[in-house]
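Take a walk through this structure, one site at a time. The tour starts at a metal ion, moves to a bound ligand and ends in the loops.

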Amino acid sequence: MIILGIETSCDETGVAICDNYKILASYNKTQYIHKKYGGVVPEIASREHEKFLPQITKRVLKESKLNYSDLDAIAVTNGPGLMGSLLSGVSFAKGLSQGLNIPIIPINHLEAHLNSVFIEFGDSIKPPFINLLVSGGHTQLWIVQSNSKYNLLGETLDDACGEAFDKGSKTLGLDYPGGPEIEKLSKGGNHKLIDFPRPMIHHKSYNFSFSGLKTALINYIKKNDKYSPNDVAASYQEAIVDTLVIKLNKAMDDFKIDTGIICGGVAANKRLREKLKQLDKKILFPSLKYCTDNADMIAFLGEKKINTKSVKTGIDFSAYSRGIVL
Ligand code: KG4
Ligand code: ZN
């Protein structure tokens, strides 16, 4: 089965081709245009998707040595995400599906993230896992019971952890996206200097909350005009990382599950990786290209859905986003 996957939920324009669970070609274009605005501008994001989708599709077809007529189905992210961005991808996918007279498969972006680990590790890893999904839009802990059964254990009640990095970076006068900026500035900083809160670590739920942490940072800067940016960045990063590590560890212990998986853009953070290693548990990181938003995971899950004839999964994702009805 040759599946074309399309991902446009936020600011990555992605197209990939999957055949028999192998990615033949993919191109995931980050929209750097948002950098100058300090965050993603939804209207610009959707226009960029519209502009680049046809070119990127041609590129991946050429790389796979395939034609449009070789495609068997189109898989497209239909939610959750920025509405305009999703619409750009879905409209493009619908056009292709109608023009080529092939099926279109709606894909939940979160379910695709949970499945991205199988692209690389295939059958060599077996559920159950605890999956920590950490991105600019999400901070969630999932229990993956089987290849198609997932349950949400907890999620952020306000800001996502990536957002905490992004907003912290802005507060410190740094660029967007904030995660890599804070990580860079943390180097050489003393992470023990400021005891920023580790929100909700003693709460019995698996939920997170990062908006108070951002306020703590703002208050610290207001009160200490001669602060050391390196120390502040290192301490702030440490508070986010500790919170994630403590919650993942608790979920793994509570459910007696010995494998943890980290995905989402924040998984790039080296301090997070270092502290997870210190847990002395089996923690898997998909390659970064599969951690961040990508069309590979959309095409891959599309093929799985066709082969298992399942449109429904173990969880009703409509609670998180209805998605665009195709
Ligand atoms: O998954 P992703 O590429 O896009 C979505 O949000 O869906 O994640 C982007 C987020 C941003 O908030 C960015 O600041 C964060 O991931 N990020 C990092 C690092 N690299 C990217 N956060 C911490 N440390 C990093 N090295
Ligand atoms: Zn994502």
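Start with the zinc ion, ligand 2. Its donors follow the spacing H-x3-H-x179-D along the chain. This is a predicted model. Which residues stand behind those letters? The protein donors of the zinc ion are His-109, His-113 and Asp-293. The two histidines each offer NE2, and Asp-293 offers OD. These donors lie 2.1 to 2.2 Å from the ion.

Look at the short step in that spacing. His-109 and His-113 are both in helix α3, which covers residues 109–121. They are 4 residues apart there, so about one helical turn separates them. The long step, x179, then leads to the D of the pattern.

Asp-293 also takes us to the next site. Asp-293 is among the closest residues to ligand 1, along with Gly-136, Asp-166, Glu-183 and Gly-265. In total, 18 residues surround this ligand.

Where does ligand 1 sit? The space it takes is the largest pocket. Two elements give two or more residues each to the shell around it: α4 (161–171) and α5 (178–186). The largest share comes from α5, with 4 residues. What kinds of residue make up the shell? It holds 10 polar residues, 5 nonpolar ones and 3 charged ones.

Now go through some polar contacts of ligand 1. In the side chain of Asp-166, an N or O atom is 2.7 Å from an oxygen atom of the ligand. Gly-179 uses its backbone instead: a polar atom there is 3.0 Å from a ligand oxygen. Asn-269 faces a nitrogen atom of ligand 1, with a polar side-chain atom 3.0 Å away. How much of the ligand does the protein cover? On its own, ligand 1 has 550 Å² of accessible area, and the protein covers 87% of it.

Finish with the loops and their backbone. Pro-127 and Pro-128 are joined by a cis peptide bond, with omega about 10°. Pro-128 is in the loop between α3 and β6 (129–134). That is the α3 that holds His-109 and His-113.

A second cis peptide bond runs from Tyr-176 to Pro-177, and its omega is near -5°. Pro-177 lies in the loop between α4 and α5. Both of these helices give residues to the shell around ligand 1.

The last stop is Asn-20. Asn-20 is not a glycine, yet its phi is positive, at about 55°. Its place is the loop between β2 (12–19) and β3 (22–30).

Terms used. Residues are numbered from 1 along each chain as its sequence is written. Chains are lettered from A and ligands numbered from 1 in the order in which they are written. This is a predicted model: local features need pLDDT of at least 70, side-chain atom pairs count only at pLDDT 80 or more; totals for chains, interfaces and linings use all residues. Side-chain values use heavy atoms; hydrogens and water are left out. A residue is near a molecule or strand if one of its heavy atoms lies within 4 Å of it. A polar contact is a pair of N or O atoms within 3.5 Å; within protein, one must be able to donate a hydrogen and the other to accept it, and residues adjacent in sequence count only if both atoms are side-chain atoms. Accessible areas come from the Shrake-Rupley method with a 1.4 Å probe; for residues, only the protein chains shown count as cover. On a 1 Å grid over the protein atoms alone, a cavity is a set of points where a 1.4 Å probe fits but cannot get out, and a pocket is an open set with protein on both sides within 12 Å along at least five of seven lines; lining residues have an atom within 4 Å of a point. A molecule sits in a cavity or pocket if more than half of its atoms lie within 2 Å of its grid points. Ala, Val, Leu, Ile, Met, Phe, Trp, Tyr, Cys and Pro count as nonpolar, Asp, Glu, Lys and Arg as charged, and the others, Gly among them, as polar. Donors are N, O and S atoms within 2.8 Å of the metal (3.2 Å for Na, K and Ca); water is not among the atoms, so sites may look incomplete.
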